[in-house]
Amino acid sequence: MTQREQMQALLAGESLPVTPQWVMAVPMALARELAAPSPLFQGFLESPEDGAYSFSSLGEPLLTKAREFMELIDRCAFPVGWGAAQAFGHGGPGEFNKTVIEQEANRFVVEYETGARKEVRIKPWNVHTFYLPVDSPESLEALSLPDAAEPKRYAGFRQDVTWAKANGLWTVGWVNGFFSGVHYFLRDYAEFLMDLLAEPEFAVALVDRLGQWNLEAVRQMCEAGVDCIGLCDDLGSEQSLLFSPELYREFFLPWHQKLCHLVHSYGAVVHLHSHGCILPLLPDLAKAGFDILNPLDPNENMPFDQVRELLGPKTVLCGGINKYFFEWPQQEQREHLRQVVAQGRKHGPHILMDSGGIPDNVSLERFRAFLEMSREIRTQ
């Protein structure tokens, strides 16, 4: 069974002999070690220090290397677009691109297509957003965004999707979140949260501006034939939602519904990443039409039985691994993986996924041990 056939069967509700796995993110240093002696190539991983990613095709030799890396980590999806393969929701034509505008030995500054600027320090790794372009309705009116319908933006993406599908791979492309995208690229996080209550007309205008760009980018990627659209829209903390269900329904549910409706009209699916205890929103997410939801971190009170009851029978549950998993002894990890896979089979369909990417301090030996352990348990 090819990767494409496996994912199509899972989404159709069929039982699989092996639980699929989707590693959310692999740190750059670990990815290089894992791929050795063959070096990773520019364009494969989302590297802020490399600046703008190209909108051209990776080309068959690099696509072949990308496929080999996905097989190394048992990732059940093939992210498409320059810089899209390192993590869930980073890179490709459906997210805002960036350029390096300052660079030193241990520090660099990137500017995104919206004008947002971030300072990145390498050791220790730290990312600080120090400028966002929207501080008033007037600055939103003056904001210039790239043309989301520009054909050149998707030409390479289309070629790579075609190659991947012809080689039995199930493709995913990334788009900005409708909540997270605002505070990543347009407006200060705390100010935006206050806008939802104090300046609702301004908040609507912010989400609408980003939402219209997102939907056009999604339309272009679906026209290119991608199987799945993935987005990061963190809606909760460990304890609760970031805002009330009423505010979600007012500002974000309509855009999530538009997204899912558009993607489904092309026969593709939508995969949502949202951290936090978001149980109260699950009926709304099911109503919106999301097909896959991650990461379902048990440390954030997202037990599979409650999640399944609230989401309904069709949504693929993706995740279930505790965020502190990689700090535990291997025997404790093994028992936890057994429990998660068993719960996934009971309340499936299910894909095994970590909660937030492989931590930077995980050694190559520990990561390989995890992969071996996971393969053993997922195939039992």
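This report describes a sheet, a buried residue and the nonpolar cores of a predicted model.

**The open sheet**

An open sheet is built from four strands, arranged in the order β2-β3-β4-β5 with antiparallel pairing. Its edges are formed by β2 and β5, each of which pairs on one side only. On average, neighbouring strands of this sheet are turned by 25° against each other, direction ignored. Five bridges join β2 to β3 in the antiparallel sense. Within β3, Y112 is the bridge partner of K98.

The residue ranges of several strands are listed below.

| Strand | Residues |
|---|---|
| β2 | residues 98–103 |
| β3 | residues 107–112 |
| β5 | residues 126–131 |
| β7 | residues 228–232 |

**L231 and its surroundings**

L231 is part of strand β7. Because its relative accessibility is 0%, L231 counts as buried, the cut-off being under 20%. Leaving aside residues up to four places away in sequence, L231 touches twelve listed positions, among them F88, V175, F178, H256, L259, V270 and F290. The C-alpha atom of L231 is separated by 24 Å from that of V100, and the two residues lie 131 residues apart along the chain.

**The nonpolar cores**

The largest nonpolar core comprises 104 residues, and L259, L285 and F290 have the most contacts inside it. Helix α8, residues 200–223, gives the most to this core, contributing eleven residues. With residues up to four places away in sequence not counted, L259 touches F178, L215, V218, I229, L231, V270 and F290. A second, separate core has 19 residues, including L10, M24, C232 and M353.

Notes: Residues are numbered from 1 along each chain as its sequence is written. This is a predicted model: local features need pLDDT of at least 70, side-chain atom pairs count only at pLDDT 80 or more; totals for chains, interfaces and linings use all residues. Side-chain values use heavy atoms; hydrogens and water are left out. Two strands pair if DSSP finds at least two bridges between them. Helices (H or I, at least four residues) and strands (E, at least two) are DSSP runs, numbered from the N terminus. Axes are lines fitted to C-alpha atoms, for helices over the stretch in contact, and angles run from 0 to 180 degrees between N-to-C directions. Buried means under 20% relative accessible area, exposed over 50%, partly exposed in between (1.4 Å probe, protein chains only). Contact means heavy atoms within 4.5 Å. A nonpolar core is a set of buried Ala, Val, Leu, Ile, Met, Phe, Trp, Tyr and Cys residues joined through side-chain atoms within 4.5 Å.
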